[in-house]
Amino acid sequence: AHLRESTGSVMVAVPPSGPIQAHVFRLQPGDALMDSLKDRVDLIFARIPQERCSSAFIMTAVGSLSDATLRLANASRTDDGDIVGSLSDATLRLANAARTDDGDTTNSSESNDIRSWKNKRFEITSLVGTFSRAGGCHLHMALSDHKGVCVGGHLINGTVFTTVEVVIGTIEGVLFEREQDDQTGYRELAPKQIEKHESVASKFFKRTSLKSMLVGVCLGAILHHRICTSRS
């Protein structure tokens, strides 16, 4: 994770990488979207040793919601506080929201509030993001209504209408952590390469296998020498 390579005159960190494994599931009508995604990812992590993989991300997702909670990026506002071109009955949190000392988002008129649209029909046109073992996640979603009007932003929550089909990817040898970023004021993604440590058993078997191979080669050479000598 600390390796660096030179790109011209700039030194950049080598991005962590590893083989990807896919995990597929379907959410049912009435499921809470965010909670259900976190539960499934926790289950996936529970089946994989921490020293092998601690990163997950959404590879693809498709489905429908009856309500949603998002945070829009720098949304335009009308005089009455509504979002221009927005839907009714969904929940959205606008970007750059004011934060309290304990980290909660405020709902002041000058900040980006959390908003809700409920009892509607939305098609999920995009759902992307990352998960870490510590429960941290950062997901963005785009939705379309019955007129094809789209809205998107940071996912807070939602309710499955008919189905949500999801493929989660995990990256072997990669750790997703979240660290405080003084520039943004948020805990941002800090991907790291997991160092490989051979177990004592693995080292023992490797040494044993090597010794067995050397013994076999020596015995073979001795046997071959004796056969050649007896024939002569």
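How many bridges join β4 to strand β6, and in which sense do the two strands run? I began my notes with this point, keeping in mind that I was looking at a predicted model.

**Entry 1: β4 and its partners**

I found that 3 bridges join β4 to strand β6, which covers residues 114-117, and that the two strands run antiparallel. To fix the register I looked up Ala 68, and its bridge partner in β6 is Trp 117.

I then turned to strand β7, residues 122-132, which pairs with β4 in the antiparallel sense over 6 bridges. Here I took Leu 65 as my marker, and I noted Phe 122 as its bridge partner in β7.

Next I followed β4, which spans residues 55-71, to β9, and I counted 11 bridges joining these two antiparallel strands. Two pairs help me to place the strands against each other: Gly 63 has Val 164 as its bridge partner in β9, while Ala 56 has Thr 170 in that role.

I also asked myself whether β4 is largely enclosed or left open by the rest of the structure. Because 14 of its 17 residues are buried, I wrote it down as largely enclosed by the rest of the structure.

**Entry 2: β9 and its other partners**

Strand β9 runs from residue 150 to residue 171, and I looked up its pairing with strand β3, residues 20-27, where 8 bridges join the two in an antiparallel arrangement. Within this pairing I noted that Val 24 stands opposite Val 167 of β9.

I went on to strand β8, residues 137-144, which pairs with β9 in the antiparallel sense over 5 bridges. The pair I recorded there consists of two histidines, since I found His 140 with His 154 as its bridge partner in β9.

The strands β8 and β9 form a hairpin with 5 residues between them, and I noted that Gly 148 in this hairpin takes a positive phi near 85°.

**Entry 3: Met 141**

I chose Met 141 for a closer look, and I placed this residue in strand β8. Its relative accessibility is 2%, and with the limit for buried set at under 20%, Met 141 counts as buried.

Which residues are in contact with Met 141, once its neighbours within four places in sequence are left aside? I listed Leu 33, Leu 65, Ala 68, Leu 70, Ile 124, Ser 126, Leu 127, Val 151, Gly 152, Gly 153 and Leu 155. Among them, I recognised Leu 65 from its bridge to Phe 122 and Ala 68 from its bridge to Trp 117.

Last, I checked Gly 129, which lies 12 residues from Met 141 along the chain, and I noted a separation of 8.7 Å between their C-alpha atoms.

Key:
Residues are numbered from 1 along each chain as its sequence is written. This is a predicted model: local features need pLDDT of at least 70, side-chain atom pairs count only at pLDDT 80 or more; totals for chains, interfaces and linings use all residues. Side-chain values use heavy atoms; hydrogens and water are left out. Two strands pair if DSSP finds at least two bridges between them. Helices (H or I, at least four residues) and strands (E, at least two) are DSSP runs, numbered from the N terminus. Buried means under 20% relative accessible area, exposed over 50%, partly exposed in between (1.4 Å probe, protein chains only). Contact means heavy atoms within 4.5 Å.
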